Amino acid sequence: MRRLWLIFAQTTTVALALFFVIGVLRPDWVGRRPAVVEVPAAASSTADGANAAASYREAARKALPSVVHVFTSQKIRLPKHPLFDDPLFRHFFGDRPDGETRSAGLGSGVIVSSNGYILTNYHVVEAADQIEVGLNDGSTFKARVVGSDPDTDLAVLQIRAAKGEELKLPAITFGRAEDIRVGDVVLAIGNPFGVGQTMTMGIVSALGRSHLGINTFENFIQTDAAINPGNSGGALVDTQGALIGINTAIYSRSGGSLGIGFAIPATTAKSVMEQIIQNGSVTRGWVGVEAQEITSELAESFGLPDADGALIAGVQRGSPADSAGIRPGDILLAIAGKPVKDPQAMLDLIAGQEPGSTISFKIRREKTLMDLRLKVGKRPPPSRRSND
């Protein structure tokens, strides 16, 4: 019996040793693939949320389905070649009509209601005669322009379901742009360069950016989240996935992102959107003046205590301002009791007045302070000039 036990023990030892040697030298013989590099595996973060603070997956889950691709095209007529004016040339080649081609454009948009309204930039759909919207799930729809507001570079589109079907689109949640502060983390969503839906991260770099010469009415959120061509009209969201802005423009010398992007605040976008949906256009106040900034040199030459206010450079004949007795050279200090810091503030204050209402203008004429009353008119269609 002892002899049998020794034989069994020796056989088992030799077999284990042989298995170990084969496992090291030729692991494929025993069904194991050798690891290229031994990499320690991290524990799953989805179970306990250990890395939740470092991830924006929930914001992405909420916001991404609400951002769409906007494809536009327009017909462009090609000029006739001068040779076709030659009778001899036409004799051999015949008369040929002017050629036509189509120019394609690309942008983004944000679903703002489940029944098909989409918010985007005016410059994305400007002059387009065909608009197609691509949803996050891959489906596409023809779209029409409900209305637009070139002064803020916003437009509202609408898509409709096929007959007998019902749209149930994932509308985005509007955040409180007024609660945003410099340094807050934000996420930009769009379709840069047509590569597909993309989310980038950055912070709020500045608030209330104006005097950029982009729009007539400017109050931009500045961010360093990467925004590139194709992102226009897309969403700028907070870390909860709520909309705080519509991506609109970038500062760039190369055409790509340099970390200076601008978004229209959601509060402005919502106000414009509601007016467009309700009335088809945006109504703003107007008094018919042109203003310029008061520089330190102008303030000194006019003998002013500071450079606050707006210098009235021109008054349109027959306008509310003309009827109220406002003259070129007056300095506008306040509108309806609210101080005017510069021409942009003047423009915003006048635009916010209800057409037909009567308001007060506090002005300085030479050394005299005066209060004038005038009736606000309706702002005419934009002419791309900063006057009001």
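I began with R284 in this predicted model, and found that R284 forms a salt bridge with D149, where the closest N and O atoms are 2.6 Å apart. I then looked up where the partners sit: R284 lies in the loop between α5 (266-279) and β13 (285-286), while D149 belongs to strand β5 (residues 140-149), so that the pair links distant parts of the chain, 135 residues apart. I checked exposure next and noted that R284 is buried, as is D149.

I looked for a further partner of R284 and found D151, whose salt bridge with R284 has its closest N and O atoms 3.8 Å apart. This pair, too, links distant parts of the chain, with D151 in the loop between β5 and β6 (154-159) and R284 in the loop between α5 and β13, 133 residues apart. I recorded D151 as buried, along with R284.

I followed these contacts outward and saw that D149, D151, R284 and R379 are linked in a network of salt bridges.

I turned then to R365, whose side chain meets that of D330 in a salt bridge at 2.8 Å, N to O. Because R365 lies in strand β18 (residues 358-365) and D330 in the loop between α7 (320-324) and β16 (331-335), the pair ties together parts that are 35 residues apart in sequence. I asked myself whether R365 is buried or exposed. With a relative accessible area of 16%, R365 is buried; since buried means under 20%, I also enter D330 as buried, its relative accessible area being 2%.

I closed with a search of the whole structure, which finds eight salt bridges.

Notes:
Residues are numbered from 1 along each chain as its sequence is written. This is a predicted model: local features need pLDDT of at least 70, side-chain atom pairs count only at pLDDT 80 or more; totals for chains, interfaces and linings use all residues. Side-chain values use heavy atoms; hydrogens and water are left out. A salt bridge is a side-chain nitrogen of Lys or Arg within 4 Å of a carboxyl oxygen of Asp or Glu. Helices (H or I, at least four residues) and strands (E, at least two) are DSSP runs, numbered from the N terminus. Buried means under 20% relative accessible area, exposed over 50%, partly exposed in between (1.4 Å probe, protein chains only).
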